[in-house]
Amino acid sequence: MNMQPTTTTDRISLIDILRGLAVFGIFFVNVIFLSSPDLFYQRNSVLPDESAVNQGVRLVIDMFLTGRCYPILSLLFGVGFYLFMRRAEQKGKRVFKLFSRRMLILFLIGIAHGVFFYNGDVLHQYALLGSLLMLFYRRKDKTILRWAISILILFLVMFSLSFLQPAESLNAGSAANYKIAEDSAAAAIEVYHHGNYGEWLNFRIQHEVLPNLASEQIGYPSMFAMMLLGFYFGRIGVFENMGKYTGLFRKIRNISSIVSVIVVVSFACTRLKFFALGAYQALLDQFLIYGCGIFLSFLYISFIVLLFQKPIGHKLLQPLKFVGQMSLTNYIMQSVVSVVFFAGLNFYAKLDFLTVTGYCLIVIAVEIGFSRWWMNRFSLGPMEWVWRRLTYGKLEQARPAAASVVQTASDQRPR
């Protein structure tokens, strides 16, 4: 069996690769909201009347990416929390105070990102939930694992309770929601096409940012559970001892692949209306995407971990480590470039989703090249440098890689 031995450098590269891939996956989802008023339909649990091309692209993205990538970043955040705290503690620092400051800075960066660029910002959510991880830092491994599993189960059970709503109530709400979504989408297009910067920003805050902040708590349980699971993985050294846990990742791959096939096929059948679900169509879509999507997250993680251990996979995946090393920069850059392109250049709601996907691929290719160029010259990405500088008040001796959106990679790398 061609498995490479696990080294500290390998462990860091794998985490960076997973993070980079997750950030790219998120971009394919986010770009739909950045390029069109799709947010208003999604928020009201209805689908717009759209072309076959848009329907096809939406189907693929929802089946394989929507709700699948944020759990990966949440898990890696938990791993990063453990590594950050351990190293800070070894250096004699006041770990809870230092991490609290780090989360405060991330929260502020996230709020600024959400207000001015992407209303679906996740950074401030990681900052809020990441702060709660400190409550578990001194707890036993089994306690952490039990909490993670219990929260995930509770999340799925609570999600399932939505199916108890009467069909009559759901049908009545669906018609009203579609009208609300349609009117909101028309207002957004008007502002994005003809409004000045002040009008655009005011519309974003009132109709995009604030409503999102009011409803985002729905996803907190699954996000926090994955953070706890990542913290547990860090504690038992899953990524530090990949060879030891290869069997575990194979089991995760086998189980998650079976469940994922069921989830994906079920979603395709319901979305394409092979089965008449009536009022419960939208609820089942949401459940399969955001509830059961976590199984695809585990499938992706296990597949990459196992592929990384093979020489050919190790080589193929290496370019992505640079993206992961400066994933905070890349995450924000995706939003900035997209706002300039779609809102600034007046392409908002004018391109079909296939063209938007092509745009997305171009941005990703540029980010891969830029990340490699930058990390071969500097020890930290631009936003990573800002985050670290504000956290510590000064930069320590430079190391050969960068901090990221989900963890302080510079706090993990060998001296």
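## Worked exercises: a helix, a charge network and two cysteines

Helix H13 in this predicted model covers residues 293-308, 16 residues in total, and runs 23 Å from its first C-alpha to its last, close to the 22 Å expected at 1.5 Å a residue.

**Exercise 1.** Work out how many of the 16 residues of H13 are buried.

*Solution.* Start with the cut-off: buried means under 20% relative accessible area. Then go along the helix; the residues that pass include Gly293, Ile294, Leu296, Phe298 and Phe308. The tally is 12 of the 16, so H13 is largely enclosed by the rest of the structure.

**Exercise 2.** Find out which residues are linked with Arg58 in a network of salt bridges.

*Solution.* Take Asp38 to begin with: its side chain meets that of Arg58 at 2.5 Å, N to O. Arg58 sits in helix H3 (residues 52-64) and Asp38 in helix H2 (residues 38-43), so this pair ties together parts that are 20 residues apart in sequence. Next comes Glu50, whose salt bridge with Arg58 has its closest N and O atoms 2.7 Å apart. Put together, Asp38, Glu50 and Arg58 make up the network. Now check burial: Arg58 has 5% relative accessibility, Asp38 has 4%, and Glu50 is buried too.

**Exercise 3.** Decide whether Cys292 and Cys360 are in a disulfide or in none.

*Solution.* A disulfide needs two cysteine sulfurs within 2.5 Å. For Cys292, the nearest one belongs to Cys269, 15 Å away. For Cys360, it is that of Cys69, at 11 Å. Neither cysteine is in a disulfide, and the count for the model is 0.

Note on methods. Residues numbered from 1 in each chain as written. Predicted model: local features only at pLDDT ≥ 70, side-chain atom pairs only at ≥ 80, totals over all residues. Heavy atoms only, no water. Helix = DSSP H or I, 4+ residues; strand = E, 2+ residues; numbered from the N terminus. Expected span 1.5 Å × (residues − 1). Buried < 20%, exposed > 50% of the residue type's maximum accessible area, 1.4 Å probe, protein only. Salt bridge = Lys/Arg side-chain N within 4 Å of Asp/Glu carboxyl O.
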